[in-house]
Amino acid sequence: MTNDKQLGLAGTVAGLGLAIGGLAFGAFLSQRRKGGDDDAPFYTRKSPDSDNAVLGRTVTIRKPRAELYAFWRDFGNLPRFMENVETIRKEGDHRIWVIKAPAGQTVEIKTEVCEDVEGKRIAWRSVEGSDIETRGSVEFADAPGDRGTRVSLVMSYNPPAGNLGRTIAKLFQREPEVQARHDLKRFKGLMETGEIATSAHRKENTRAARQREKET
Amino acid sequence: MRALTWHGTHDVRVDTVDDPEIINSRDAIIEVTSTAICGSDLHLYDGVIPSVLPGDVLGHEFMGRVVETGSDSTLKKGQRVVVPFTISCGGCFHCQIQQFSACENSNPAEKQDMSAKLYGHSMAALFGYSHMTGGYWGGQAEYVRVPYSDVGPIVVPDHLDDDKVLFLSDILPTGWMAAENAEIQPDDTVAVWGCGPVGLFAIQSAIVMGASKVIAIDHYPNRLALAKQLGAEVIDFRKTNVREALIEMSGGIGVDAVIDAVGMETHGFAVDNLVDVVKQKVGMGADRASALKQAILAVRPGGRVSIPGVYGGMTDKFPLGALMEKGLQIRSGQTHVQRYTNDLLEKIEDGTLDTTFLISHRLPLEDAARGYECFRTEQDSWTKVVLKPGMDMPAAN
Ligand SMILES: NC(=O)c1ccc[n+]([C@@H]2O[C@H](COP(=O)([O-])OP(=O)(O)OC[C@H]3O[C@@H](n4cnc5c(N)ncnc54)[C@H](O)[C@@H]3O)[C@@H](O)[C@H]2O)c1
Ligand SMILES: [Zn+2]
Ligand SMILES: [Zn+2]
């Protein structure tokens, strides 16, 4: 855990990556059909019906549904493509996400899996004792023909201290939305190519290496 | 190693930079034996492509010997390979349907946002071509890190010289795809704007594909002469009214297909082109597209428009009405190089395609900055520059 409250806050948002959720998420979901009755995903609405920051993204991955589900369900795999998540370890029924924060610090979030439909859907949320309330889900659906699997990630979070947390996060250029989108792209790349694309020409210049360096 | 690096508009230098190393298991390191300067490099040189950073190594047309391989590379040390300028993973949807230049994975996730914003979708990565397309170091260097080396590079037989196969990396497949996109039928008349390397290869390809007549348009006598030598009829746009000439030369019907091998830095004094030159200079991002506009007006109703020329932004006064009312078909794109390399290698081997006629200069890599300058300012005589890392500098005179 972090000593500096301010940094902790920033780090929490900063490091959220895919680990975000929100207090009013349930309310939000129940509202989601209120505004319109078109078929577009609710997170593409022009004006959100909630104060919560919600993001959603879909990618198509040319791999079987079962394989992708299994990879994700093994939470220890996620740090391989979630840039700011250092480790995810099991602790009883819970998982502890260790998330990188600025200035070499880390923040921990305790989550539980609240929904698990084999091969189709995994949802998680933060529990008491976490610095931040977060919620997320990932859904796997067959894409047409041999296009593989459509993977949709939806996350919601209550920005800590209102907009302040997000402002600080922006300062560190780790806006959760952006981070999550990139993480999801990296997941796709890792599954389809076996590696994370980098244009670095030396090992010490990869983003991962540079980040490690910044922290020490 | 030594490499040609970008420092600003019209400022490129050969510097000593870090050697690249293997990072991912599918990588290979290539020791470059030949590399070329492309018309696309001129867009970087002229500063009209955003997100090039000082120190970036340019160059996307290169070949060489494999000197190192990652554990999942299928290449072997010592093999001679030509490397496609498009970086493609082989495993995504677009790679699977052979639209390699739309690869979804080669451009690192954190670099995809800019093109996604500009174009609605992020672009694939290209070697040595700005950070919008990945920020990968390019081939005008002694060594290059080649990702996905099990998918892109094509191994070439030793009996074919570098000069013969180097252009498999870009301009030969680009000219070929340009002609393919023009969907040439046997009795067709095809007009090609621009007799640079891309235009010349498009002309040669169109003839191989059976066009009954190819008309080449440029203003450089030497480049027009090369087009003529390939069998094209030529028009000098400084001397002739192109649209009228094309109508006449196609029997009043209009040409069946047009190919824009000029791109965003078109020359000419048409009013809208001059306005676009100014806008481009002050960074308003208008692409100069007067050749393309002319092509759209010249093509017959129901005809095909093929655009290999590179554009990066927006353009004004686009003849949208002509496009719709004439019912034109448009096809374009960065070349899906990997789709064509095997076939074209065969066509080089059996003599169907000549790839060396357009090389005007061979320079040591050390002299690359001069190569850029002359390729830009003396286009008539500098048709295509090939750089050789191993070559000695000529004695000073
Ligand atoms: N699609 C691809 O994958 C791909 C690959 C390589 C190159 N390119 C692009 O193709 C274009 C041509 O490349 P190149 O290497 O041949 O470049 P180049 O600069 O050598 O040739 C361009 C030619 O166009 C002529 N030209 C200029 N304005 C004209 C006009 N109004 N009408 C007729 N001709 C005109 C010039 O005189 C010149 O000869 C560039 O835009 C380049 O970026 C695209
Ligand atoms: Zn090129
Ligand atoms: Zn791909």
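Helices (H or I, at least four residues) and strands (E, at least two) are DSSP runs, numbered from the N terminus, and an axis is a line fitted to C-alpha atoms, for helices over the stretch in contact, with angles running from 0 to 180 degrees between N-to-C directions. The model is predicted, so that local features need pLDDT of at least 70 and side-chain atom pairs count only at pLDDT 80 or more, while totals for chains, interfaces and linings use all residues. Residues are numbered from 1 along each chain as its sequence is written, chains are lettered from A and ligands numbered from 1 in the order in which they are written, and side-chain values use heavy atoms, without hydrogens and water.

In chain B, helix H5 (residues 171-181) packs against helix H12 (residues 337-349) with the axes 9 Å apart and at an angle of about 100 degrees. H5(B) and H12(B) are therefore roughly perpendicular to each other, a term that covers angles of 65 to 115 degrees. Where they are in contact (heavy atoms within 4.5 Å), residues of H5(B) including Trp176(B) and Met177(B) meet residues of H12(B), among them Tyr340(B) and Leu344(B).

Turning to enclosed space, a cavity is a set of points on a 1 Å grid over the protein atoms alone where a 1.4 Å probe fits but cannot get out, and its lining residues have an atom within 4 Å of a point. There are four cavities of 30 Å³ or more, and the largest holds about 80 Å³, a volume being the space filled by probe spheres set on the points, which are joined across faces, edges and corners. Its lining includes Ser199(A) and His201(A) from chain A, and Trp137(B) and Arg145(B) from chain B.

Terms used. Angles under 35 degrees count as roughly parallel, over 145 as roughly antiparallel, 65 to 115 as roughly perpendicular and the rest as oblique. On a 1 Å grid over the protein atoms alone, a cavity is a set of points where a 1.4 Å probe fits but cannot get out, and a pocket is an open set with protein on both sides within 12 Å along at least five of seven lines; lining residues have an atom within 4 Å of a point.
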